[in-house]
Protein chains: 2
Amino acid sequence: MGEDEITAWFAQQRRLSGEDFPIGVGDDMAEIRLSEAATVLITTDMLLDGVHFDLGKATLRQVGYKAMAVSLSDCAAMATVPVGAVVSVALAKGFDEEQLKELHGGIVEAGDKYGCALVGGDITSWRGDEPFAISVAMLSRRGATEPIRRSGAKVGDAICVTGALGGALLGKHSEFEPRVAEALKIAAMVSLNAMIDLSDGLSSDLNRICKASGVGAVIDSSRIPISDEGQKMKDPLASALNDGEDFELLFTLAEGESEKLLKNWDGDVPIARIGWVTESGKMEIKMPDGQMRDLEVRGYEHLG
Amino acid sequence: MGEDEITAWFAQQRRLSGEDFPIGVGDDMAEIRLSEAATVLITTDMLLDGVHFDLGKATLRQVGYKAMAVSLSDCAAMATVPVGAVVSVALAKGFDEEQLKELHGGIVEAGDKYGCALVGGDITSWRGDEPFAISVAMLSRRGATEPIRRSGAKVGDAICVTGALGGALLGKHSEFEPRVAEALKIAAMVSLNAMIDLSDGLSSDLNRICKASGVGAVIDSSRIPISDEGQKMKDPLASALNDGEDFELLFTLAEGESEKLLKNWDGDVPIARIGWVTESGKMEIKMPDGQMRDLEVRGYEHLG
């Protein structure tokens, strides 16, 4: 089973009641009702040395920053407001105080930037030199709108992305800016039908929206904004489709809403319309030569 | 630095405002205000193979159960009501589907028993056979009372524990029952001043209450309930004082309240009064021979 199959299996095991859990397993965050008036959303991400970062190259400050930024990006994906996080870490036996402080610096740097307080944690130590692992659990609250889910895409919707895609491993993946403010701003300007953050690559994450919404999609390759780093890759288009770790927003909205958004958007991060939602149930891509092809899911699979 | 020094250092780095964070770093859970009327509490615990459990002996079902039970015990320590949890895991590359299902079984077994839903997670895989790690983040809400903190112990208070202590490594540590229901019941019957769960041993955890409250304590060794497993250890009293992983409740309350509690308590889990809070600032123990001695902190230190 891949990551998505496992998630689906988990979700099947226990249907969470819609009243107590407005959003259950299968979105970027789950939502829990605490009282009639209040809900809270939660996400968790585990990052491992040698898999999600490489302590031979990255600093501990970068690792702390990235661990928080990945969860902040989940808050952005739902257009919710980060409020607090807890962080647990597994350290090698020899890990010292200065290293811990550097890691902490990266965690609070990311938290401060996006208004997310570090409220607790757990520090554990291996018996030997087993590799470093860090897990973040982050809470957010609803913004001005309902949380935006993956399952709301409608046939005829425009498909948009923020920023530019591809080549994140050349640097961006350890220093990226989660689109928290952009997501809240977009959701306040127009009515969004579906949204996700691009953690595993456009082809993988668009597929998640399509599957959850029961729709298909056509992407116009000429409209995909490819980053400078992506342009440096052997196949820039493939890089933009499949590299992963872009941590940009991918969302769908009615045609008219997308026109309104693109006309009025004054944010620093560009927004591009890259395709539209279809009823075909499959993903297609219009290639630079004008040919239509099936768009294959080739993004990063955590358990691939 | 030991675990407590690190926690203190973290807490100093950023004072969380009392309005948004009624309970900050340094208790069993932090409390976050979500709106005027609503707060949520959160805790996180990371458990490592070879440190907190041994997959050579424990089943994955036991590991999943224990990971949840440790956090449930934190909910109990504050007399709060568990509502939901997210779980992240780091698996060796060869980890298969059946193993994942067994782990999941243990997680939901513990969750179901205490009304705590599994709402999400993150499954990651090492590149090779690095050891298994599991991190739980759990949310709870206030019960009928304010959350009970470590810092409220008052000179003259009675000190009580639930259950019996010592020898948890002989078995209880992987199958224990977090005292969620007992904590809520006790807090509803009487006014508690301070509470903690016994994760690292009576001497360590009582020290945390004393330090947080600025008080001392006297424990009467003859009143400490020692478990059957503790009785099997070479030094049963030392085992009850220092073994850790008892996951019982340790709490302080006014003398009169303790009398009321002990008289009216009809729960299945016994409660014993084992000492009293003093103004000395140090911990002392009345030994079986009647001599008073300083009670040294010898419990489990996560970073020892």
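In this predicted model, Leu198(A) is a good place to begin: this residue is buried, because 27 other C-beta atoms lie within 10 Å, where 20 or more suffice for that label. Leu198(A) sits in the loop that runs between strand 7 (192-197) and helix 5 (202-213) of chain A. Leaving aside residues up to four places away in sequence, Leu198(A) touches Leu165(A), Asp205(A), Asp246(A), Phe247(A), Glu248(A) and Leu250(A). Ala85(A), by contrast, is 113 residues apart from Leu198(A) along the chain, and 21 Å separates the C-alpha atoms of the two.

Another part of chain A worth a visit is strand 11 (residues 283-286), where the side chains alternate. Met283(A) and Ile285(A) point to one face and are buried, whereas Glu284(A) and Lys286(A) point to the other and are not. Strand 11 of chain A has a parallel pairing with strand 8 (residues 216-220) of chain A, made through 4 bridges. In that pairing, Lys286(A) is the bridge partner of Asp220(A). Strand 11 of chain A also pairs with strand 12 (residues 292-294) of chain A, here in the antiparallel sense and over 3 bridges. Within strand 12 of chain A, Asp294(A) stands opposite Glu284(A). Strands 11 and 12 of chain A form a hairpin with 5 residues between them, and Gly290(A) in the turn has a positive phi of about 90°.

Turning to chain B, an open sheet of 5 strands shows mixed pairing and the order 1-2-5-3-4. Strand 1 (30-33) and strand 4 (117-125) of chain B are at the edges; each has a single partner strand, so one side of each is left without a neighbour in the sheet. On average, and with direction ignored, neighbouring strands of this sheet are turned by 20° against each other. Helix 3 (residues 97-113) of chain B packs on the sheet, where the helix touches strand 3 (80-91) and strand 4 of chain B. The direction of helix 3 makes about 160° with that of strand 4 of chain B. At the other edge, strand 1 of chain B runs antiparallel to strand 2 (residues 39-48) of chain B, and 4 bridges join the two. Here Arg33(B) stands opposite Thr39(B) in strand 2 of chain B.

How do the two chains meet? In all, 54 residues of chain B are in contact with 54 residues of chain A. The side of chain B that touches chain A draws two or more residues from each of helix 1 (3-13), strand 1, strand 2, strand 3, helix 3, strand 4 and strand 5 (133-142) of chain B. Strand 4 of chain B gives the largest share, 8 residues. By class, this side of chain B has 31 nonpolar, 15 polar and 8 charged residues.

A turn of 180° and a shift of 0.0 Å along the axis lay chain B on chain A with an RMSD of 0.0 Å. The two copies are therefore related as by a two-fold rotation axis. The same surface serves both copies, with 100% of the contact residues of chain B recurring in chain A.

The largest nonpolar core has 188 residues, and Ile42(A) and Ile42(B) touch the most other members. Residues up to four places away in sequence aside, Ile42(B) touches Val86(A), Val119(A), Gly120(A) and Leu139(A) in chain A, and Met29(B), Ala30(B), Ile32(B), Ala137(B) and Leu139(B) in chain B.

Note on methods. Residues are numbered from 1 along each chain as its sequence is written. Chains are lettered from A and ligands numbered from 1 in the order in which they are written. This is a predicted model: local features need pLDDT of at least 70, side-chain atom pairs count only at pLDDT 80 or more; totals for chains, interfaces and linings use all residues. A nonpolar core is a set of buried Ala, Val, Leu, Ile, Met, Phe, Trp, Tyr and Cys residues joined through C-beta atoms within 7 Å. A residue is buried if 20 or more other C-beta atoms lie within 10 Å of its own, exposed if 12 or fewer, and partly exposed in between; C-beta atoms are placed from the backbone. Two residues are in contact if their C-beta atoms, placed from the backbone, lie within 7 Å. Two strands pair if DSSP finds at least two bridges between them. Axes are lines fitted to C-alpha atoms, for helices over the stretch in contact, and angles run from 0 to 180 degrees between N-to-C directions. Copies are superposed by least squares on the C-alpha atoms of residues with pLDDT of at least 70 in both. Ala, Val, Leu, Ile, Met, Phe, Trp, Tyr, Cys and Pro count as nonpolar, Asp, Glu, Lys and Arg as charged, and the others, Gly among them, as polar.
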